[in-house]
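User: I'd like a close look at one small part of this protein, and then a walk outward from there. Please keep it chatty, since I'm reading it at the bench.
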Amino acid sequence: MTALLTLLCGGLTAAGATSASAAVACKVVYQKNQWNTGFTASLDITNQGDPVDGWKLAYSYAGDQRLVNGWSARWSQQGKDVTVENETWNRTLGTGATVNVGAQFTFSGTNDDPSVFTFNGVRCNQSTSQPTVALTSPAPGATYALGATVPLAATAAAGPGTTVSKVEFFDQDGLIAADTTSPYTFAWTTARAGSHSVYAKVTDSAGGTAESAPAGITVTEEAAVVASPAALSIAAGTAATYTVKLSRAPAANVTVTTTRTAGTTGLTVTGGGSLTFTPQNWSAAQNVEITAGASASGAATFTSAATGYAAATVTATAVAGAGAYDQRFLDQYNKIKAPANGYFSPEGIPYHSVETFMVEAPDHGHQTTSEAYSYLVWLEAMYGRVSGNWAPFNASWALMEKYMIPTTADQPSNASYTPGKPATYAAEHSEVSSYPSQIDGTVPVGQDPIAAELKSAYGTDDIYGMHWLQDVDNVYGYGNTPGGTCEGGPSAQGPSYINTYQRGSQESVFETIPQPTCDDFKYGGPNGYLDLFIKDASYAKQWKFTNAPDADARAVQAAYWANVWAKQQNKGADVAATVAKAGKMGDYLRYAFFDKYFKKIGNCHPASTCPGGTGKDSAHYLLSWYYAWGGSRGTGGGWAWRIGDGASHFGYQNPMAAYALVNDPALAPKGSTAKADWQTSLTRQLQLYKWLQSAEGAIAGGVTNSWNGSYSAPPTGLPKFFGMAYDWQPVYHDPPSNQWFGFQVWSMQRVAEYYQVSGDAGAKAILDRWVAWVLPEITADPASGAYRVPATLRWSGQPDADWSGASGMPPANTGLHVSVADHTDDVGTTAALARTLTYYAAKSGHAQAGQTAKNLLDSLWKHQDAQGVSVSETKADYSRVKDPVYVPPGWSGTMPNGDPVDSSSTFMSIRSFLKDDPDYARVWSYANGTTTTPPAFRYHRFWAQADIALAMADYGRLFDE
C-alpha cells in the first residue's frame, strides 16, 4: 500500500550491449535525510532499456557536499562530481530492474538535490510518450450465456509521430481477436463457461504497446435470472435497487416478475416489478426498486422469476433512522458483503483484495492481513450502529479469533517460556545479503515484566494477538491451518498462516522468501527455511508468529465504538462479551511497548554493553512495528521466546485505542499494571506526534532504540526522543517507509477521533497544524468527481532538539520539512483523509475542513462500480517481479509446489502459481520489456472499500446528514 516517487527517464545506453540500437529508457529517484552537518542519500536506479551487464551512474552537487561512505555500490567523488559503480553482485540489471544504493555525506551551506543524472554516459529523466487504450465493452461484472456473443470494443490513441497499428483482445486463456481499423471491435462467441478477465492491447507504428484495465465477466451454462447484490440494507423511508438480467438470450421476449415472497410487509416493490427482456437487451441490467416504509423494520425476501429461467432471490433488511450518507454506507456495505463480488473466502475471511495479482505488503491478493480482519470488525461495528443488528459484529470477532489469533495448538510450548530470558540476540542487518544472522548468546537481554501478570490475569500461557499474514486459499501450499496440522501441505483445506519479511530494512516485498509459521522441515532445505534467516549451531523444528500492533489497536478501537453505539440503543449486553475480548487483546498488545530484547530504553549501544532492562525500564510505551513470539514444536518441555521491537513509526500509533483501554470499563484489561501502562502510552504517543511534527505540519517518521536493528551508534547529531534516535524512514527502506501519505491519514484519523471524543487541547494543537498543511494540497470537484490528494512525500532536516518530556510539549521544528512530490486519486487514502477531516471539523467547527471532507466523499461516490468504488491505478513497480531473490551461495531447497529455491531464484520463479493468474501475461509483458506501459488495475482492496463505507457513515453521523 506504499507509493514510490518515480521520475521518467530516457537516454540510457546499455553498458556491454551487443547492439548499437539498444532500447533506451531509465529512471532515477533521489531521496535524502538531512541533519545539521550531514545527510544520507538514497537512490533508486531503474533500467527501462535493454538489459545491462555493468553500469555507472554519475551526478554532481552544486554545494560543498563531501562523501563519507557509501553502500550497495562503489562510490567515489572528485570535486563536485560523484560516481556510483556497480558491485559484482548487482552488475546486471534486466529490463525494469531497480537497484537501490545509498551513501552518507557531510555538507556546509546549502544542500540542493542534484538535477542531472547520467547512466552509462547518457542522461536520465527524459520523458517519453506511449500509446493508450481503454476497453469500453464488455462492462465489468457482466454475465453471458455459454455460446452467446460477447461484444468486445476498445478505443485507442497513438503517441506523437506514430499511428495505431492494431488493437488485440485477450482473456486469461490468450488472444481472442485483433482489429486494425477504428472502431476496434469484435463479436466474440464464448466457448468456455466460468470467469473471464478480458482486456485490450494496443500496438503503435513504432512498436510501442499498452494494455487496458481488465473487465471481469461470467459465462454461465444455465438459463437463469441473475440478481445483484443478493442482500440489501435499506434505510427506513428510502429506497434501494438491485439489478436483474438474463444469463442467456431468449428466443422471444421474456418478462421477469419480482414479488415479496416472505418477511415484513414494510418492504415493498416500488419499481421494476415487471421487466421485459428482449432477444436484443437480455444482458442489459435493469433495476428493481425496493422501498422501506418510514416505520419499517425487519427483513423480507424478494424473488425475481421468469418462465424457463431459474429464479433469483434477494434479501432486503429495513434500517430505521438512517440518512443519506448512512444509505451510502449501506450501499457500499451491500456490495462488500455480496458473495458474487468476491471479497470473502468460503470461510468468510476477508481477502486483501478481490483481484489476485497483487504485490504490495501481501504478495497475492487472496492472502489477508490482520489489518483486513480489523477493518471487518470496524465495518460490522458501524453496521450495528446503523442497523441495530449486532450479530455480524460479534461474528466478525469470532471469525478473527478462530482463524487469525493462534490457538493453543498453534503455540504449544509457551509453558516453557522463561521471562528472565525472553529471547537470544541476533542482529538485524541493512542488506539482505548479510543474512543469515548469527545468534549470539553473549549479548545481554532484559526481563519480560508482563508475562507473569498476563498469565495470572487470564490463566493461560497463550498470547492473545493476531498473526499478521495469512494465505487464505493456501496458494503457497504450506497448509499451516489454524489449530491444525503443522505444514499440512498443498492439499490442506482452509487458510494457512505464513511469514514473509525476515531480513532487515532493505528487504522489499520483491525480495522476500515466504515461509511457514510452523516449520517442520517438510519444505525448504534440510533445516526448513530457518537457516536463510538465522545462523546457529543446530536447528530445531519450531513455530513463530508476528503481530502487527496497528491492526490489533484498530480492532480495539472498533470495539470501543461498538460498545458506545450499542449502549445508545440500550443493547450494550449484546456486545459485552466481545468488547471484553478487545480489552484482553489490548492487554497483550503491551508487548509492542517494549524494546526487542527488553533492553533499557535510551542511548542503547553497542549491543554488547547496552544492558538488559528490569521492570518497565525497557518500555518506550509506543506502538512499535511488531511484537513476535515462538517456540519449539511439541507440548511437553522445550523452549519458547517473545520479543518486542525498538522501532516505532508514527503511523502505527493509536491514541484512540489507548484512551478506550484507559477510560471505558467495558474494555478494561485485567493485567494489574495495564491501565497505568496505557495511560503512559496515551501521553507518550501524543508527545511523539508533536516531536515529529514538521514545520509545515505533517508528521515525520519515528524513533528507534536499536539503530540499524543492531544497537549500533546512530549518526552523530541525530536528535533523540526519550533517548531513542530519530529515524526518518523507520523499519523499512525499499521504498522509504514514511514517503507514503497513507500513514499520515491512517494515524491522524485516530488522533482526530481521540480529539472528537476527549476534547484534548494537545491533540487539537497537532491537528490544527496538520489540517492547515493538508488542505491546500487537496482538490475535489463533486460535480465531475475529479479529486486529488497527496501521494508521495519528501523529507529533509530533523527535529530541533533532544526531548524527554521534561517540560510540557516538545519545541517547534523549524528545521524539519516536508514537501508533496505528487498527488493521487487513490480511493483508500482519500476515504481516510475525509474521515480525519470529518472528526476534526465536527469537534473544532472548522468549516473548510468539513466542506472539504464532504467534497471528497461526494467526489469518491462518482466512482462507484459493481463491486464498490475504484479508480484505475498503474503499477510501475511490477517491473520488479523479475528481481533476484537473495539466497546464500550453496543453499538450495524447494517450495511446496516444487519451485526450486537457490542462488538463481527470482520473485517470480518461487511463485510459479502466478503464471496461472488472469493478469500474469500483461504483468510479465511489462516486466520483461515487451511492453513499456505499466499495467493498470482497478483494485478493490478490502481495507479501502471498508474505509469508504465508514467514511460515509462517519460524516452522516457527525454532521447529521
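What is the torsion about the S-S bond of Cys604 and Cys610?

Analyst: The torsion about that S-S bond is about -85 degrees, so the disulfide of Cys604 and Cys610 is left-handed. Keep in mind that this is a predicted model. The sulfurs of Cys604 and Cys610 sit 1.6 Å apart in it, and both cysteines are buried.

How far can you lean on the model as a whole? The protein chain has a mean pLDDT of 91, with 96% of its residues at 70 or more. The stretch to be wary of is residues 1-22, where the pLDDT is below 50, although this stretch still has 77 contacts in the model beyond near neighbours in sequence. Where confidence is that low, the predicted coordinates should not be read in detail.

Back to the cysteines. The whole structure holds 2 disulfides, and Cys486 with Cys518 makes another such link, with a sulfur-to-sulfur distance of 2.1 Å. The Cys486–Cys518 link is left-handed too, at -110 degrees about its S-S bond. Cys486 sits in the loop between β33 (469-471) and β34 (496-499), while Cys518 belongs to strand β36 (residues 518-519), so this disulfide ties together parts that are 32 residues apart in sequence. Cys486 has a relative accessibility of 10%, which means it counts as buried with the line drawn at 20%. Cys518 comes out at 10% as well, so it is also buried.

Now for the charged pairs. Side chains of opposite charge can pair when their charged atoms come close. A search of the whole structure turns up 30 salt bridges. One of them involves Lys600 and Asp617, whose closest N and O atoms are 4.0 Å apart. Asp617 and Lys600 are each placed in the loop between α6 (572-588) and β39 (627-632), with their positions 17 residues apart in the chain. Asp617 has 29% relative accessibility, so it counts as partly exposed. Lys600 is partly exposed too, at 35%.

A buried pair makes a nice contrast. Arg328 and Asp858 join their side chains in a salt bridge, N to O at 2.9 Å. This one spans distant parts of the chain: Arg328 is in helix α1 (residues 324-337) and Asp858 is in helix α12 (residues 847-860), 530 residues apart. Both partners are buried.

There is also a salt bridge within a single helix. Arg957 and Asp954 meet at 3.7 Å, N to O, and both lie in helix α14 (residues 942-958), 3 residues apart, or about one turn of the helix. How accessible are these two? Arg957 is at 23%, so it counts as partly exposed, whereas Asp954 is at 0% and counts as buried. Elsewhere, salt bridges with shared partners connect Glu453, Asp587, Arg590, Lys616 and Asp677 into one network.

Another spot to click on is His196, in strand β18 (residues 194-204). His196 has 3% relative accessibility, so it counts as buried. Its side chain makes a polar contact with the side chain of Asp171 at 2.8 Å. The His196 side chain also reaches the backbone oxygen of Arg192, at 2.9 Å. Setting aside neighbours within four places in sequence, the residues in contact with His196 are Asp171, Gln172, Asp173, Trp188, Ala215, Gly216, Ile217 and Val219. Asp171 therefore shows up twice if you draw out the surroundings of His196: as a polar partner and in the contact list.

Last stop, a sheet. Strands of a sheet pair through backbone hydrogen bonds, either parallel or antiparallel. Here there is an open sheet of 4 strands in the order β41-β42-β44-β43, with antiparallel pairing. Its edges are β41 (647-649) and β43 (720-721), each of which pairs on one side only. On the β43 edge, the partner is strand β44 (residues 724-727), joined in the antiparallel sense over 2 bridges. If you want to pick out a residue pair there, Phe721 has Met724 of β44 as its bridge partner.

Methods:
Residues numbered from 1 in each chain as written. Predicted model: local features only at pLDDT ≥ 70, side-chain atom pairs only at ≥ 80, totals over all residues. Heavy atoms only, no water. pLDDT = per-residue confidence, 0-100. Contact = heavy atoms within 4.5 Å. Buried < 20%, exposed > 50% of the residue type's maximum accessible area, 1.4 Å probe, protein only. Polar contact = N/O pair within 3.5 Å; in protein donor to acceptor, adjacent residues only side chain to side chain. Disulfide = S-S within 2.5 Å. Pairing = 2+ DSSP bridges.
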